[in-house]
There are 2 protein chains.
Amino acid sequence: MACVTEKTKLVRRSLCPVSISLEVFGDRWSLLIVRDLMVRGYRRFKEFQESGEGIATNILSDRLQRLEASGIITAEAEETDGRRVNYRLTEKGIDLAPVLLELLLWGARNEKTAAPCAVMENMAKNRDEVLAEVRRRWRDRDPTPVLPKFESDGRMETKRRAG
Amino acid sequence: MACVTEKTKLVRRSLCPVSISLEVFGDRWSLLIVRDLMVRGYRRFKEFQESGEGIATNILSDRLQRLEASGIITAEAEETDGRRVNYRLTEKGIDLAPVLLELLLWGARNEKTAAPCAVMENMAKNRDEVLAEVRRRWRDRDPTPVLPKFESDGRMETKRRAG
DNA sequence: TTATTCGCTTGCAAATTGCAAGTTAGATTG
DNA sequence: CAATCTAACTTGCAATTTGCAAGCGAATAA
């Protein structure tokens, strides 16, 4: 029982790979950031912030740090502008491509989204090609989006307390 | 702007399939429950509760309800014992098998887990067969685990506040 | 030098999770 | 039949995390 000099708490968990994976990114924001890096070609804080998902800056900052600590991304200041930080997926991070692709396909098939059906079906039929292309763009540092950004239709879903 | 008679709040989100998927199960507990149904053959509240992940009963209950509301699982009282509720993945739920499999493989490859490497490599090489088997067991209501339960090694990772 | 931009950080409120005890209904036991 | 046990939650409250919006400090532009 090591007594560590950090704020800590008793943690109980299994060593199942799914469980371990979910400890790394078992929250919605982390995988959305990975998506933005992998699929949309985003690199910078401001881009993630404006991704259309409504992430708060403190959460974004926290998640970027966690992803970096987990070895999924790296952060590097731009040489021409020291204020700018460019984030990039690591090999470990790009290895999440199949997870992201399956999430994408599941969502497109089972929920209402703005993704064109034909595009999704094509991706489902050509998983290997898609994954290879994602990896090529990552290797070549090509920021071209794999898919466009599917905006919300501008209508906000509002809910209100009864009464 | 529909005014609903429920507790609600302004929600802003994109219509990207990944984002939508993560709204359904972008928390660690939901996917762990799906794993237990899909991989371990669990059906009952008590089984999930005792899965070794340390889920609190209120969270378990809440997540089961949400998964049911999302159409991912169904809940049915047992005929021989009306206290018992059997949960089962729907077609929509079993369609998450590729997501779970990729999570499993990513975890096994990139993190320290208790999964035997040979088993994981074999699964990675035979994704289609694995997915077919998972679906067959689901269709036949065969609760045989696809994989054993990877226990924590009995040692609890404890942390304590400084001082 | 002032103004703008970038990537955070901060203070506080709201929401969610976690803990452990409690409740209710169904089943079993004696 | 009453007492006891079991299954699936529910509850009250504390701890933690998320969300909002303003603020900060460093780098760059004008």
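**Exercise 1. Arg141(A)**

Task: Is Arg141(A) buried or exposed?

Solution. Start with the neighbour count: Arg141(A) has 10 other C-beta atoms within 10 Å. Next, apply the cut-offs: a residue is buried if 20 or more other C-beta atoms lie within 10 Å of its own, exposed if 12 or fewer, and partly exposed in between, with C-beta atoms placed from the backbone. Arg141(A) is therefore exposed. Now look at the backbone: phi of Arg141(A) is positive, about 55°, although the residue is not a glycine. Last, place Arg141(A): it is found in the segment after helix 8 of chain A. Helices (H or I, at least four residues) and strands (E, at least two) are DSSP runs, numbered from the N terminus.

Two notes on the model. This is a predicted model, in which local features need pLDDT of at least 70 and side-chain atom pairs count only at pLDDT 80 or more, while totals for chains, interfaces and linings use all residues. Residues are numbered from 1 along each chain as its sequence is written, and chains are lettered from A and ligands numbered from 1 in the order in which they are written.

**Exercise 2. Arg141(B)**

Task: Describe the backbone and surroundings of Arg141(B).

Solution. Phi of Arg141(B) is positive, at about 55°, and Arg141(B) is not a glycine. Arg141(B) lies in the segment after helix 8 (127–139) of chain B. With 10 other C-beta atoms within 10 Å, Arg141(B) is exposed.

**Exercise 3. Chain A in outline**

Task: How many helices and strands are there in chain A?

Solution. Chain A has 8 helices and 2 strands. From the N terminus on, the order is α-α-α-α-β-β-α-α-α-α. Then check burial: 33% of the 163 residues in chain A are buried. Finally, take contacts (C-beta atoms, placed from the backbone, within 7 Å). Of those in chain A between residues at least 6 apart in sequence, 52% join residues at least 24 apart.

**Exercise 4. Helix 2 of chain A**

Task: How many residues of helix 2 of chain A are buried, and how does this helix pack on helix 4 of chain A?

Solution. Helix 2 spans residues 28–38 of chain A, and 11 of its 11 residues are buried, so it is largely enclosed by the rest of the structure. Among the buried residues are Trp29(A), Leu32(A) and Met38(A).

Now the packing. Two packed helices are described by the angle between their axes and the distance between the axes. Axes are lines fitted to C-alpha atoms, for helices over the stretch in contact, and angles run from 0 to 180 degrees between N-to-C directions. Helix 2 and helix 4 of chain A pack at about 75°, with axes 10 Å apart. That makes helix 2 of chain A roughly perpendicular to helix 4 of chain A. The cut-offs are under 35 degrees for roughly parallel, over 145 for roughly antiparallel, 65 to 115 for roughly perpendicular, and oblique for the rest.

Then name the partners. Trp29(A), Ser30(A) and Ile33(A) of helix 2 meet Ile59(A), Arg63(A), Leu64(A), Arg66(A) and Leu67(A) of helix 4. These contact residues divide into 5 nonpolar, 1 polar and 2 charged. Ala, Val, Leu, Ile, Met, Phe, Trp, Tyr, Cys and Pro count as nonpolar, Asp, Glu, Lys and Arg as charged, and the others, Gly among them, as polar.

**Exercise 5. Across the chains**

Task: At what angle do helix 6 of chain A and helix 1 of chain B cross?

Solution. The axes of helix 6 of chain A and helix 1 (residues 17–25) of chain B cross at roughly 85° and come within 7 Å. The two helices are therefore roughly perpendicular to each other. Chain A contributes Leu100(A), Leu103(A), Leu104(A), Trp106(A), Gly107(A) and Ala108(A), and chain B contributes Pro17(B), Val18(B), Ile20(B) and Ser21(B). The contact has 8 nonpolar, 2 polar and no charged residues.

**Exercise 6. The DNA strands**

Task: Which residues are closest to DNA strand C, and which to DNA strand D?

Solution. A residue is near a strand if its C-beta atom, placed from the backbone, lies within 6 Å of it. For DNA strand C, 20 residues qualify, and the closest are Lys46(A), Thr57(A), Asn58(A), Ser61(A) and Gly82(B). Helix 4 of chain A gives the most to this surface, with 4 residues. The residues near DNA strand C divide into 5 nonpolar, 7 polar and 8 charged.

For DNA strand D, 19 residues surround it, and the closest are Gly82(A), Arg44(B), Lys46(B), Thr57(B) and Asn58(B). The residues near DNA strand D divide into 4 nonpolar, 7 polar and 8 charged.

Technical notes: Two residues are in contact if their C-beta atoms, placed from the backbone, lie within 7 Å.
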